[in-house]
Amino acid sequence: MGVQGCDASLLLDNAPNFIGEKNIPPNKNSTRGYEVIDEIKSAVEKKCPGVVSCADIIAIVARDSVSILGGPSWGVQLGRRDARATNAIVTNVSLPLPKANLKELVLRFRGIALKRRDLVALVGAHTPGEAQCHSFRERIYNESNMNKELAQKRRLKCPRSQGSGDANLAPIDAQTPIVFDNSYYKNLVQNKGLLHSDQQLFSGGKTDPIVRTYSKDQEAFFNDFASAMIKMGSVNPLIGPAGEIRLNCRRMNPII
Ligand code: HEM
């Protein structure tokens with residue numbers, strides 16, 4: 001999720017004077033698909049050079065990926081520009097971690113003007129996602145509110161000892177791993193959340209009723225997800241003279 005707004009800072013490769021956000025621990029080996037963005041960007045540049053930002057491409061790709069997998073669609077607001085700076089240290093401390101508790105998650109989202117309901121809806125993006133063993137090891141071995149059967153199954157490819165099988169992947173929503181639907185929430189009400197942070201949304205706190213609603217009403221989830229994506233996509237956009245339209249999404253434009 002965005003740290004300083006949707007400004008394509010995540011796409012920047014390492015450069016001599018900085019480490020790219022994509023290469024810091026919470027994102028490393030986790031965020032993927034950069035080649036797809038590169039392909040789209042070069043096709044767009046061929047037709048219409050210097051006009052469409054990488055940040056707008058990400059926003060459209062996010063919408064289309066959700067919709068292709070069976071989820072909702074929405075009108076993407078356009079006109080964002082790309083960051084000319086990135087701060088891996090800020091990213092490192094700002095990204096919510098899978099060990100976060102509900103209070104921390106709510107505060108993180110409030111920090112970018114997103115409400116509790118937005119948080120619960122947005123994390124539903126995990127429905128077609130995968131997670132690495134190191135992100136959920138603690139949960140499957142040590143948490144009492146984890147469904148026992150699922151924990152046993154996940155342990156088969158995620159050994160207890162740190163450093164072994166760390167990058168092994170498991171679907172976050174085992175019921176329908178490549179469909180965008182509300183089964184993520186159905187899992188949570190059965191204590192089948194894979195990440196600690198997922199299960200926090202249904203663990204006796206104020207977000208329980210929202211999770212319950214989404215688990216029964218896919219339409220409500222889809223509507224709230226679409227509006228929350230529009231909201232998240234318009235947090236601190238770079239517009240007007242700020243930023244630039246990058247020519248290559250992996251590098252800032254050279255100063256001429
Ligand atoms: C509540 C805060 C959140 C936390 C703590 C969190 C944490 C995580 C973690 C730990 C993973 C697995 C990474 C790995 O092991 O490689 C993951 C995957 C993912 N997250 Fe989140 N996330 C949060 C919110 C969001 C939001 C708001 C979205 C989008 C709207 C999102 C979209 C995704 C997607 C699509 C994946 C799957 C990536 C893949 O399959 O390659 N997450 N998240």
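A polar contact is a pair of N or O atoms within 3.5 Å. With that criterion in mind, the tour of this predicted model begins at the ligand.

**Stop 1: Ser135.** Select Ser135 together with the ligand. A polar atom of the Ser135 side chain is placed 2.6 Å from a ligand oxygen atom, so the pair falls within the 3.5 Å limit for a polar contact.

**Stop 2: the surrounding elements.** Next, colour helix H4 (102-110), helix H5 (116-123) and strand E1 (130-132); these are the elements that each contribute two or more residues to the shell around the ligand.

**Stop 3: Glu130 and His126.** Select Glu130 and display its backbone: a backbone N or O atom lies 2.8 Å from an oxygen atom of the ligand. Then move to His126, where the side chain supplies the polar atom, 2.9 Å from a ligand nitrogen atom.

**Stop 4: the whole shell.** Expand the selection to the 21 residues that surround the ligand. Arg32, His126, Glu130, Gln132 and Ser135 are the closest of them. By class, the shell comprises 13 nonpolar, six polar and two charged residues.

**Stop 5: the cavity.** Leave the ligand and turn to the internal voids. How many cavities of 30 Å³ or more does a search of the whole structure find? The search returns one. The largest cavity has a volume of about 50 Å³. To display its lining, select Leu150, Arg154, Pro171, Ile172, Asp173, Ala174, Gln175, Asn187, Lys192 and Leu194. Colouring this lining by class separates five nonpolar, two polar and three charged residues.

Technical notes
Residues numbered from 1 in each chain as written. Predicted model: local features only at pLDDT ≥ 70, side-chain atom pairs only at ≥ 80, totals over all residues. Heavy atoms only, no water. 1 Å grid on protein atoms, 1.4 Å probe; cavity = no way out; pocket = protein on both sides within 12 Å on 5 of 7 lines; lining within 4 Å. Points joined across faces, edges and corners; volume = space filled by probe spheres on them. Nonpolar A, V, L, I, M, F, W, Y, C, P; charged D, E, K, R; others polar. Near = heavy atom within 4 Å. Polar contact = N/O pair within 3.5 Å; in protein donor to acceptor, adjacent residues only side chain to side chain. Helix = DSSP H or I, 4+ residues; strand = E, 2+ residues; numbered from the N terminus.
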